[in-house]
Amino acid sequence: QLESVYTPSGLLSNTTYYWQVVPFNLVGEATGCPVQSFSTGGSIDILMQNGSITTCSANFFDTGGPDGSYLNDEDLELTICPDQANSAIEVTFSSFDVEENAFNAATPWDWLSIYNGTGTGGTAFVSPTSGNILFANTVLPGPFTSSAADGCLTFTFSSDVTVPLPGWEATIACVSALEVPSCAVITGPANGAIDVSSTTTILSW
């Protein structure tokens, strides 16, 4: 190329790259040109949005980022897929504050849903507080690991027209899809619970 700059594409996180510039003219190529190296950062920041992203190391936030709140009247769908072969996305939440319905936990005013695979056709994870696929209030969801063949997780978020809250902060990582999975984290009923309803009980993990 004639330019003295080059913008690479498809770089992976946590990866060291080596590069070399070799000038040439009609006589031939330069010799002994130094080989340089650089390493990409360990993680990226992802805000909730429409679209798809491939990564194995990220901080995942609602649209307000780490210091703000999500907006009113949002309706978003984001798929996160691994950028490494034979891997599956794992999401671990460290904070969560999404507007619940104080009168009916099963129908929160704002909610996050998480599905296995690309799109919303895969199995969705169940919230222990709503009893369905709608995560709200301040109870930390998960952690969740994709069991889909493509290793992806899809997130959908919806907010109503009032009371935006701080949302969430989570980490995205990849785990090997070739390993035996860890035991599930049981979220309800609590171990040893008594007086559990015989007609409305929901087992969740």
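Is Leu11 buried, partly exposed or exposed? In this predicted model, in which local features need pLDDT of at least 70, side-chain atom pairs count only at pLDDT 80 or more, and totals for chains, interfaces and linings use all residues, Leu11 is partly exposed, with a relative accessible area of 37%. Residues are numbered from 1 along each chain as its sequence is written, and side-chain values use heavy atoms, with hydrogens and water left out. Buried denotes under 20% relative accessible area, exposed over 50%, and partly exposed the range in between (1.4 Å probe, protein chains only).

Leu11 is located in the segment before β1 (16-20); strands are DSSP runs of E with at least two residues, numbered from the N terminus. Together with Trp19, Val21 and Phe38, Leu11 makes a nonpolar surface patch of about 370 Å². Patch residues have over 30% relative accessible area and no salt bridge, and nonpolar side chains (Val, Leu, Ile, Met, Phe, Trp, Tyr) are joined within 5 Å. A salt bridge is a side-chain nitrogen of Lys or Arg within 4 Å of a carboxyl oxygen of Asp or Glu. Areas were obtained by the Shrake-Rupley method with a 1.4 Å probe.

Trp19 and Val21 also take part in the lining of the second largest pocket, where they are among the residues closest to its centre, along with Gln1, Tyr6 and Gln20. The volume of this pocket is about 380 Å³. Its lining comprises nine nonpolar, three polar and one charged residue. For these classes, Ala, Val, Leu, Ile, Met, Phe, Trp, Tyr, Cys and Pro count as nonpolar, Asp, Glu, Lys and Arg as charged, and the others, Gly among them, as polar. On a 1 Å grid over the protein atoms alone, a pocket is an open set of points with protein on both sides within 12 Å along at least five of seven lines, whereas a cavity is a set where a 1.4 Å probe fits but cannot get out; lining residues have an atom within 4 Å of a point. A volume is the space filled by probe spheres set on the points.

Two cavities of 30 Å³ or more were found. The largest encloses about 40 Å³, and its lining is formed by Glu100, Ala105, Pro108, Thr129, Ser130, Leu134, Ala136 and Asn137. Four of these lining residues are nonpolar, three polar and one charged. The second largest cavity holds about 30 Å³. Its lining includes Thr129, Ala136 and Asn137, as well as Phe135, Val139 and Leu140, and by class has six nonpolar, three polar and no charged residues.

Asn137, which lines the largest cavity, lies in the loop between β8 and β9. Asn137 is buried, with a relative accessible area of 13%, and its phi is near 65 degrees, a positive value in a residue other than glycine. Pro143 is found in the loop between β8 (111-116) and β9 (144-145), and a cis peptide bond with omega of about 10 degrees joins Gly142 and Pro143. A positive phi, of about 55 degrees, also occurs at Val163, which is not a glycine. Val163 is placed in the loop between β10 (153-158) and β11 (167-176) and is partly exposed, at 43% relative accessible area.

Asp110 occupies the loop between β7 (87-97) and β8 and counts as buried, at 0% relative accessibility. Asp110 and Glu74 are separated by 36 residues in sequence and by 9.1 Å in space, C-alpha to C-alpha.

Conventions:
Patch = residues over 30% accessible without salt bridge, like charges linked within 9 Å, V, L, I, M, F, W, Y side chains within 5 Å. Helix = DSSP H or I, 4+ residues; strand = E, 2+ residues; numbered from the N terminus.
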